[in-house]
Structures are given as C-alpha cells and as structure tokens.
Amino acid sequence: MQRIPIYQPSLSGREKEYVLDCLDSNWISSKGDYIERFEAGFRERVQVRHAATVCNGTVALHLALVALGMGPGDEIIVPTLTYIASVNAIAYTGATPVFVDSLRDTWQMDPADVRRKITPRTRAIMAVHLYGHPCEMQALGDIAREHGLFLVEDCAEAIGSLYQGKPVGGFGHIATFSFYGNKTITTGEGGMVVTNDQTLYERCVHFKGQGLAAHRQYWHDVVGYNYRMTNICAAIGLAQLDQVDEFIARKRQVAAWYREGLAGLGVESHGEHGDVLNTHWMCSILARDATQRDALRAHLEADGIETRPLFYPVHTMPMYSAKFQRHVVAEELGWRGINLPSWPGLTREQVMQVCESIRTCLHAEKMAGLMPLAPALRVPRALAATAAAAH
Ligand SMILES: Cc1ncc(COP(=O)(O)O)c(C=O)c1O
C-alpha cells in the first residue's frame, strides 16, 4: 500500500526554469530580478502596498515586531493555540507574550478574551489565522483602534484566505507569511512581511539588511539582521505564486472530500464560520479525547497514513508556563485535534482511503465497547500490526 504523507509540495510549474535562470545568470544571492518580481506579484495578490521578502516566516514575525519598535516592558496579546514561532518572535524582542484562548467554532483567538487581557502595557495584538481560517478581524480591528494598539497578522498558514471578501494580510498594521515546504506556496524556506505603511516597510528593509545606512557603504546605523531571501528562493516563490489559486481550489476540494468521507462518523472537522474563505492549510478533525486521538493516529500510521497532532497550547510549554494559566478551549482543541494529509495533489481516492481508515478504527473501538473483550485482545491496532510482523 502506498504511504500517504501529511504534506508534499507541488513543484510542477515554472520553478525549475526560473531556478536554472538564476544559476545561468549567476544571480544566486539576495539581489536579482526574481526578488522584485516575487514581491510585486505578492503585493498584487494580497492587495497591499509594500512587501519585503525574508528568509523564513519566523524572522518575518521578528522583523515586523522590530519595525513596530516592540521591546522589554511591552505586552503583546497572542493566541496560545498557535505554532511556537508566533510566541518566540515576541520573546526575541524582549516583549512579553500574553496568551488568550480560542473560539470553539473557528479555533481562532477569542476577541472577548483579548479585551480581558489588555493592560496599560499592552502594545499590540498578534492575530494568527490558524490552519487557514481567518480570525475575527472586525472585532480585533475595533479593539486595536479603541485602545491604540498595533495589529499584527501572522498569515503563515493563510495565504489567500478571505475575511469579508478581502485577503488576510491587509487588515492590520503589518503582516507576515511563511513559505516553508509544507505551506500553501513554498520557497523551501522563506517568508514575507507586508504592510500598507511606507515607514514600517522602510524600517523592515533597513533592519533585514544589516541596518545599512542609506548613503554610505559599510556604514550601519542600527543593530540590524541578515534576514534576506535569495534570488533562487524568490524564483521558486514566483513560480508558486502563479499557481496559488489552483492550490487553494484543490485544497478546498480536499477539505470537501474529507467532509463527505467523514459524514456520519461523529468526527468534528475544522470548518468555515462567518463571511470567510478558509484555505484549509491543514484539514483537521477532533477526536473525542486525547486517548482516542492517540489511538486514531496510531491506527492511521499502521495504515501508512501520516498525521500530526494539532499544536499544543503554548502556555503549557516549559518556557512559557511560569504562571499557571488555563485556556480551556485551546487545551481541549490541542489535546483532541489531528491534522490529516492536506496537500493539494491528494486524489479523491487517497482522501477516501484516509476516511475509511478512520471509519475502521472508530468501528473497532465501538465494537470493543459493546462486546467487552479479554484485555489481551484489546491491543491498539498499531501494536497488533507490529506484533503480527514480529511473528
Ligand atoms: C502560525 C505560524 N507562524 C509562524 C511560522 C513560522 O514560519 P517558518 O517555519 O517559515 O519560520 C509558522 C510555520 O511554520 C506558522 O505556522
């Protein structure tokens, strides 16, 4: 049986042609046409005035916060249910991450909890459009305006997602994207910072290029960084950007196939709530509880299907758990969630194979519950498969 990975990039456009062009022309470092072309195409796609390429999505976030002047003593409100990079980028600046819980339906940061967490030190809200579903941008924008806070969007997982018909990335003061290999478009490693504010853009360009002064060579007037993207990565990015709408359409089709295949199984899928378009970076489901989640993952693994757990809430991780906190929705989602194979090239047959594996596992569990078996027979399927192979 063919193994189904959780993700794989699709590089069947003009990626190779563009990369060979970089090699043939010797423009392989962080200057060259593809950088400008990728940034220009990105500005147009995300409908923003400025875009600056960087070497990954984590430094994109750091750069955005540096451009906003975040530092020690500042508090930045961030969902606890996110990838670690959102929170680490805050820590890099010396600012303090302040965690908020998630909404039960969208799995995005809860605006009511954001309001509760505002203090005189709050400087910014970081909205993370998790798994491709947009956050409540109307409510978050209102809160930011009311309290004079910066609004940062982490769009690493959400290129092309729409909120009230408008692409994410243009709602706040500054936004970031990731082009890691498992993202909707990839450059291998890569990222982008976008903004409609000329000054913020200039600060990003200044800081990402070692803080080089404008009119004197080898003269640096701030402690900057080397966060630049190479022309080769931008070449891949440009070829990927040409295909982004096709990737999104295919990912939405994959999500629809999962809904169809899982119907009637009592498994909850991550959906689409409100006037939004979810690009379904990951197609995720919730098991009944952590025990069932782990059994399901083991069962799928034994069937050659790769999965991931949802992100664990960051407030539970050692370096961020000094103060005891509870975020009950994020904790519930984090402990029950599974990401299923989600790449755009998946066929209907493969998606149905995943659904069938889930169905078999849940059916076996149900039967075990109805007919109490001798404990020795209640071996999780993964273990049973290993045992069988060993004999
Ligand atoms: C929500 C979120 N933020 C930030 C990042 C960081 O991006 P990168 O892996 O490109 O550094 C990622 C992804 O990997 C992410 O999922």
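Two worked exercises follow, one on the whole chain and one on Q108.

The structure is a predicted model, in which local features need pLDDT of at least 70 and side-chain atom pairs count only at pLDDT 80 or more, while totals for chains, interfaces and linings use all residues. Residues are numbered from 1 along each chain as its sequence is written, and side-chain values use heavy atoms, with hydrogens and water left out.

**Exercise 1.** Describe the secondary structure and the compactness of the chain.

*Solution.* Begin with the DSSP runs (helices are H or I of at least four residues, strands E of at least two, numbered from the N terminus): the chain has 13 helices and 14 strands. Next, the radius of gyration, taken over C-alpha atoms, is 22 Å, close to the 21 Å that the globule rule (2.2 Å times the number of residues to the power 0.38) gives for 391 residues, so the chain is as compact as a globular protein of that length. Finally, buried residues (under 20% relative accessible area, 1.4 Å probe, protein chains only) make up 53% of the 391 residues.

**Exercise 2.** Locate Q108 and describe its surroundings.

*Solution.* First, Q108 is placed in the loop between β3 (96-100) and α5 (111-117). Its relative accessible area is 1%, so Q108 is buried. Then, with contact meaning heavy atoms within 4.5 Å, and leaving aside residues up to four places away in sequence, Q108 touches residues including D101, V128, L130, C135 and H270. Lastly, a polar atom of the Q108 side chain lies 2.7 Å from the backbone nitrogen of L130.

Conventions
Buried means under 20% relative accessible area, exposed over 50%, partly exposed in between (1.4 Å probe, protein chains only). A polar contact is a pair of N or O atoms within 3.5 Å; within protein, one must be able to donate a hydrogen and the other to accept it, and residues adjacent in sequence count only if both atoms are side-chain atoms.
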